[in-house]
Amino acid sequence: MNRTNRKLAIAFALCATAAIVVCLASPGTGQQRDDRRPPSPGGGEKPEIEDTKRLNVYADNWFSLYINGELIAVDSIAFMPHNVISVDVFPEYPMTIAVMAKDNADFKTGMEYNNTQIGDGGFILKLGDGTVTSKHWKAKSVSRGPIDGDTSNPRVVHEEVPKNWTAPDFDDTSWQAAKEFDERTVRPKGPFYQHDFKGAKFIWADNLELDNTVLFRVRVDSPPDGSTPKTFPILQSK
Ligand SMILES: [Ca+2]
Ligand SMILES: [Ca+2]
């Protein structure tokens with residue numbers, strides 16, 4: 001290496017070292033490290049976005065979803081087009097999921113499109129811990145019609161939504177088992193196929209057409225995929 005080249009090599013090495021020092025000292029990197037460690041005054045590690053699970057939900061036509069009694073997700077489109085709601089969920093076990101699902105139906109006739117026809121429902125979800133909708137969920141129809149499918153003289157039966165029905169300790173033993181429906185019966189629209197619902201079943205109450213508002217519940221004691229959930233003592237003081 002001649003003298004000029006040696007000078008260039010030394011200059012390059014100095015620049016590279018300076019760059020590394022600047023990089024290590026940059027506020028961004030330091031901030032990230034501070035977010036995770038040292039522990040907060042409450043003690044323990046803080047959960048990161050990597051500790052959450054993705055929840056995909058598709059409802060014909062609308063839903064609201066609660067986990068352990070807290071509202072977690074609401075369908076942003078009441079009727080059409082049919083959409084998927086996809087949110088990050090921080091799972092804590094045991095986990096009670098409670099859902100209100102609604103088919104599009106006139107309150108007085110149970111029909112849709114200006115009372116010209118009977119619409120059908122359908123609900124499906126998948127959580128990244130392996131939780132999926134199935135016949136093992138509980139279901140309760142609280143709005144049905146038109147009774148007997150009679151569109152010439154439509155009658156509707158509404159039941160009061162039970163108090164505290166989203167709470168983990170709510171007694172749902174009298175509810176029926178959810179009924180599974182084939183994908184080709186529900187005929188989901190395009191967005192369903194753009195999200196992960198593998199292993200999940202469409203569910204509803206007994207009648208996909210006449211049951212118009214359906215409550216669902218399920219209790220998940222541990223991650224169905226067999227993974228070990230991380231615990232964060234910092235969250236358990238609330
Ligand atoms: Ca209907
Ligand atoms: Ca519908």
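**Core, strands and backbone in a predicted model**

Me: Which residue stands opposite Ser64 in E5?
Reply: The model is predicted. E2, which spans 62-67, pairs with E5 in the antiparallel sense over six bridges. Within E5, the residue opposite Ser64 is Met100.

Me: In E12, which residue is the bridge partner of Thr96?
Reply: Strand E5 covers 95-102 and strand E12 covers 211-220. The two run antiparallel and are joined by eight bridges. In E12, the partner of Thr96 is Arg219.

Me: Is E5 largely enclosed or largely open, and how many of its residues are buried?
Reply: For the whole protein chain of 238 residues, 28% count as buried. E5 is largely enclosed by the rest of the structure because, of its eight residues, the number buried is seven.

Me: Which strand supplies the largest share of the largest nonpolar core?
Reply: The largest nonpolar core has 36 residues, and Val57, Phe63, Val99, Phe123, Ile203 and Phe216 are those with the most contacts inside it. Strands that each supply at least two of its residues include E1, E2, E5 and E12. In soluble globular proteins, nonpolar side chains tend to be buried together. The largest share of this core is six residues, and the strand that supplies it is E5.

Me: With which residues is Val57 in contact, leaving aside its neighbours within four places in sequence?
Reply: Val57 is among the residues with the most contacts inside the largest nonpolar core. Contact here requires C-beta atoms within 7 Å. Leaving aside neighbours within four places in sequence, the partners of Val57 are Phe63, Leu65, Ala73, Val84, Ile85 and Leu125.

Me: Is Leu215 buried or exposed?
Reply: Leu215 has its place in strand E12. Leaving aside neighbours within four places in sequence, its contacts include Met100, Val142 and Trp165. The cut-off for burial is 20 or more other C-beta atoms within 10 Å. Because Leu215 has 21 such atoms within 10 Å, it is buried.

Me: How many Å apart in space are Leu215 and Phe63, C-alpha to C-alpha?
Reply: Among contacts between residues at least 6 apart in sequence, 74% join residues at least 24 apart. Leu215 and Phe63 are 152 residues apart in sequence, while their C-alpha to C-alpha distance is 9.6 Å.

Me: Is Glu48 exposed or buried?
Reply: Glu48 lies in the loop between helix H2 (27-36) and E1. Its C-alpha atom is 9.5 Å from that of Phe90, 42 residues away along the chain. A residue with 12 or fewer C-beta neighbours within 10 Å counts as exposed. Glu48 has 10 C-beta neighbours inside 10 Å and therefore counts as exposed.

Me: What is omega for the cis peptide bond that joins Tyr93 and Pro94?
Reply: Pro94 is placed in the loop between E4 and E5. A cis peptide bond also joins Asp60 and Asn61, with omega about 20°, and Asn61 is in the loop between E1 and E2. For the cis bond joining Tyr93 and Pro94, omega is about 0°.

Me: What is the phi of Asp148, which is not a glycine?
Reply: Asp148 is in the loop between strand E7 (138-144) and strand E8 (157-158). Asp148 is exposed, since 10 other C-beta atoms lie within 10 Å. Its phi is positive, at about 65°.

Me: Is Arg187 buried, exposed or partly exposed?
Reply: Arg187 is found in the loop between helix H3 (183-186) and helix H4 (190-193). Its phi is near 55°, a positive value in a residue other than glycine. Because Arg187 has 13 C-beta neighbours inside 10 Å, it counts as partly exposed.

Terms used
Residues numbered from 1 in each chain as written. Chains lettered and ligands numbered in written order. Predicted model: local features only at pLDDT ≥ 70, side-chain atom pairs only at ≥ 80, totals over all residues. Core = buried A, V, L, I, M, F, W, Y, C linked by C-beta atoms within 7 Å. Helix = DSSP H or I, 4+ residues; strand = E, 2+ residues; numbered from the N terminus. Contact = placed C-beta atoms within 7 Å. Pairing = 2+ DSSP bridges.
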